[in-house]
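Work through the exercises below with the sequence and the 3D structure at hand. Each task is followed by a solution in steps.

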Amino acid sequence: MLAICDGVYVESTATADDQLALRQSVAGAYTTVTKFYGEFTAPHPQMIFCQTQACRAYFMGSYAGVYSPLGFKLPNATYTAGKPTIFITYTGFVGQAHSLTVAHELTHTETLYRYGGGGVPSWFNEGIATLVGNYPDCSSQTANYVVDFRTADFEAAVADSSKGDAIYCQASREVNAWIVANGKPKLLDLLAGVKAGNQFYTLYGNLINR
């Protein structure tokens, strides 16, 4: 793998334009996440970008984009992350979609660092990442497939490829509505409270969009 900037690696197949686009995307993603949270407090993760199926299979199994914490090996992958790592695969890196994916995954990095060893539900984690990264694109997604996030099996729901993006967007709308109702400082307090050992729903309260 070729290092194109600090902690960012790409296959040697990446063109000079690809490499420039990636550096710009990474810088833009940090700006996006920092703007949302006020500051970026997490250690910067390693980032590995694949273009070939062989690279994708080795590092991330069947995933196309994912954040992996320290010491974790993704299902069907060979590589074990020696440090927190963002993995993303694209055949080409020039364009907007990949920059939004980087911001989505980088949001996971900062969010996880803020709630630490506590637990937040998957729908909330993905809802924040979708809201901040603006990926997937929710501009035309209005369907509500999940009746109640508190009791639904989120992972099983998004496994349906025909509904996955719509459910991410539904989660994003819920998180955004909660922030509008409670304010950004309350969100930061919620994450800090979970890190301190409080239960997520005790701090979050009722769902807004029900």
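## Exercise 1: The disulfides

C50 is buried, and C55 is buried too. The coordinates come from a predicted model.

**Task.** Find how many disulfides the structure holds and state which cysteines form them.

**Solution.**
- Step 1. Take the cut-off: two cysteine sulfur atoms within 2.5 Å count as a disulfide.
- Step 2. The sulfur atoms of C50 and C55 are 1.9 Å apart, and the two residues form a disulfide. The angle about this S-S bond is -60°, which makes the link of C50 and C55 left-handed.
- Step 3. C138 is joined to C169 by a disulfide with an S to S distance of 2.0 Å. The link of C138 and C169 is also left-handed, with -85° about the S-S bond.
- Step 4. C138 and C169 lie 31 residues apart and link distant parts of the chain: C138 is in the loop between helix 4 and helix 5, and C169 is in helix 6.
- Step 5. The structure therefore holds two disulfides. With the bonded cysteines numbered in sequence order, the pairing is 1-2, 3-4.

**Task.** Classify C138 and C169 as buried, partly exposed or exposed.

**Solution.**
- Step 1. The cut-offs are under 20% relative accessible area for buried and over 50% for exposed, with partly exposed in between.
- Step 2. C138 has 23% relative accessibility, so C138 counts as partly exposed.
- Step 3. C169 has a relative accessible area of 0%, so C169 is buried.

**Task.** Explain why C5 does not form a bond with C50.

**Solution.**
- Step 1. The cysteine sulfur closest to that of C5 is in C50.
- Step 2. The distance is 16 Å, which is too far for a bond.
- Step 3. As for accessibility, C5 has a relative accessible area of 30% and is partly exposed.

## Exercise 2: Helix 6

**Task.** Check whether the end-to-end distance of helix 6 agrees or disagrees with its number of residues.

**Solution.**
- Step 1. Helix 6 covers residues 164-182, which is 19 residues.
- Step 2. The expected span is 1.5 Å times one less than the number of residues, and for helix 6 this gives 27 Å.
- Step 3. The end C-alpha atoms of helix 6 are 27 Å apart, so the two values agree.
- Step 4. Just after helix 6, G183 has a positive phi of about 95°.

**Task.** List the buried residues of helix 6 and the helices they pack against.

**Solution.**
- Step 1. The buried residues of helix 6 are G164, A166, I167, C169, Q170, A171, S172, E174, V175, A177, W178 and I179.
- Step 2. The buried residues of helix 6 pack against helix 1, helix 4 (122-133), helix 5 (154-158), helix 7 (184-195) and helix 8 (200-204).

## Exercise 3: The nonpolar cores

**Task.** Describe the largest nonpolar core and the contacts of W123.

**Solution.**
- Step 1. The largest nonpolar core has 44 residues, and M47, F49, W123 and F124 touch the most other members.
- Step 2. Helix 1 (residues 16-37) supplies the largest share of this core, seven residues.
- Step 3. Another core, of 11 residues, lies apart from it; C55, Y79, A81 and F87 are among its members.
- Step 4. Leaving aside neighbours within four places in sequence, W123 is in contact with F149, F154, A171, E174, V175, F200, Y201, Y204 and L207.

## Exercise 4: Two loop residues

**Task.** Place D148 and A64 in the chain, and say whether each is buried, partly exposed or exposed.

**Solution.**
- Step 1. D148 is in the loop between helix 4 and helix 5. With a relative accessible area of 11%, D148 is buried.
- Step 2. The side chain of D148 reaches the backbone nitrogen of R150 at 2.9 Å.
- Step 3. A64 is in the loop between helix 2 (53-60) and strand 4 (65-68). At 40% relative accessibility, A64 counts as partly exposed.
- Step 4. Leaving aside neighbours within four places in sequence, A64 is in contact with R56, F87, I88 and T89.
- Step 5. A64 and Y90 are 26 residues apart in sequence, with their C-alpha atoms 7.8 Å apart in space.

## Exercise 5: The whole chain

**Task.** Compare the radius of gyration of the protein with that of a compact globule.

**Solution.**
- Step 1. For 210 residues, a compact globule would have a radius of gyration near 17 Å.
- Step 2. The protein has 17 Å, which agrees.
- Step 3. Of the 210 residues, 46% count as buried.

How values were computed. Residues numbered from 1 in each chain as written. Predicted model: local features only at pLDDT ≥ 70, side-chain atom pairs only at ≥ 80, totals over all residues. Heavy atoms only, no water. Core = buried A, V, L, I, M, F, W, Y, C linked by side-chain atoms within 4.5 Å. Buried < 20%, exposed > 50% of the residue type's maximum accessible area, 1.4 Å probe, protein only. Helix = DSSP H or I, 4+ residues; strand = E, 2+ residues; numbered from the N terminus. Contact = heavy atoms within 4.5 Å. Polar contact = N/O pair within 3.5 Å; in protein donor to acceptor, adjacent residues only side chain to side chain. Rg over C-alpha atoms; globule rule 2.2 N^0.38 Å.
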